[in-house]
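Student: I would like to learn how to read cavities and helix packing from a model. Can we go through one together?

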Amino acid sequence: MLVKNIRIFTEEKNFSEGMILIQGDRIAGIGRPGKENELFPGGEAGEIIDGAGCYAVPGMIDMHFHGCAGFDFCDGTPEALDGIAEYEALVGVTAFSPATMTLPAAELVRILENAAKFCRGQAGGKTAGRAELVGINMEGPFISAARKGAQEEAHILPCDTAMFERFLCASEGLVKVIGVAPEKEGALPFIRAVKDRAIVSLAHTDAGYEAATAALDAGADHAVHLYNAMRGFSHREPGTVGAVFDSATATAELICDGVHVHPAAVRSALKLLGPDRVIFVSDSMRAAGMKDGIYTLGGHEVRVQGKRAELLSDHSLAGSVSTLPDCVRTAVKQMGVPLVTAIACATANPARRLGIYGEYGSITVGKKADVVLLDKNLQLICVIKGGKVLKNNKTTGIL
């Protein structure tokens, strides 16, 4: 397959006119405009796609969301994971690391076992045309009741290394991120004990600057949906947000749906952390891609109206209903984020954070042929997943 007449997002974070040669499920070559013979001298390219000047970007990677299309990762069923993977691929997310809610430990184990089974099926080629499950982001249960948000307080647990081991084993190593509230008793020893086996994130925490900094010094290195469900920044108490800003290495998730974080706060995070340490996530729940109505998240009823999802009980935000590509569009078109920065925050940055950049996150020879074509308005035109063309309700087909 040859995809030509496109503007390719490069590893140097700019766009370059050219073409992409795909063989099997891999990117086999990247060429200059009009230089097809340089890519396949004396041979045939096979199927040719004329991108008509579209942006060609890597398949996006959502490392924190709960569900979409009526399904939730915590449904814990093969049908739910398959539905999520199918929907995400069709909107341009070709790899994902879904998030758990704070649920009973036995239920979490069942959910993790289901994910491991699904992943084995993917390895066996049973889920063609789906986004790939590349990890799990455990948002709970080692969080603070003071900042629980939509998490269920009754199922919050003390920091427990043995419980973490149980989760890691059940997932067959898929748990890539484990959330912790640094102010909890035993948090620092817990962080030191698990930091070499998972990314430790600051999650749903009321920690002040000192406690959050101590956690970062102990080995935590990530923040779950920065600004949300954590103590904010002020000039006398910088809080968890200030500790993350002050860190030299910590990465941070941002929900750029236009609801969770003010545009100025998004731009500030990018300036303070730098564009390499910010990761766009959707935090979407099962209502993403669905009509307004009443849905559930973590056992709570959620009212969805427009772009806003709120708990019926206290009107707290309960995830989003935007996909990651929606968030990229919002960041660029409504928040003043440069396009190249937004694309990197949804592709290369999560790939590096999850340790999968060798296979995903950039359009590079040898990597998986996961390519998304966007028009000048950043609307989805085509998704190429593993070297095969997918379509959705916005796709105009092969150009």
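Tutor: Start with a term. On a 1 Å grid over the protein atoms alone, a cavity is a set of points where a 1.4 Å probe fits but cannot get out; lining residues have an atom within 4 Å of a point. Points are joined across faces, edges and corners, and a volume is the space filled by probe spheres set on them. This is a predicted model, where local features need pLDDT of at least 70, side-chain atom pairs need 80 or more, and totals for chains, interfaces and linings use all residues. Residues are numbered from 1 along each chain, and side-chain values use heavy atoms, without hydrogens or water.

Student: How many cavities of 30 Å³ or more are there?

Tutor: The largest cavity holds about 50 Å³. The second largest has about 40 Å³. The count is two.

Student: Which charged residues line the largest cavity?

Tutor: Asp, Glu, Lys and Arg count as charged; Ala, Val, Leu, Ile, Met, Phe, Trp, Tyr, Cys and Pro as nonpolar; the others, Gly among them, as polar. The lining has three nonpolar, four polar and three charged residues. The charged ones are Glu359, Lys368 and Asp370.

Student: How are H3 and H4 oriented to each other?

Tutor: Helices are DSSP runs (H or I, at least four residues), numbered from the N terminus. Axes are lines fitted to C-alpha atoms over the stretch in contact, with angles from 0 to 180 degrees between N-to-C directions. The axes of H3 (residues 105–123) and H4 (residues 161–170) come within 8 Å and cross at roughly 30 degrees. Angles under 35 degrees count as roughly parallel, so H3 and H4 are roughly parallel.

Methods
On a 1 Å grid over the protein atoms alone, a cavity is a set of points where a 1.4 Å probe fits but cannot get out, and a pocket is an open set with protein on both sides within 12 Å along at least five of seven lines; lining residues have an atom within 4 Å of a point. Helices (H or I, at least four residues) and strands (E, at least two) are DSSP runs, numbered from the N terminus. Angles under 35 degrees count as roughly parallel, over 145 as roughly antiparallel, 65 to 115 as roughly perpendicular and the rest as oblique.
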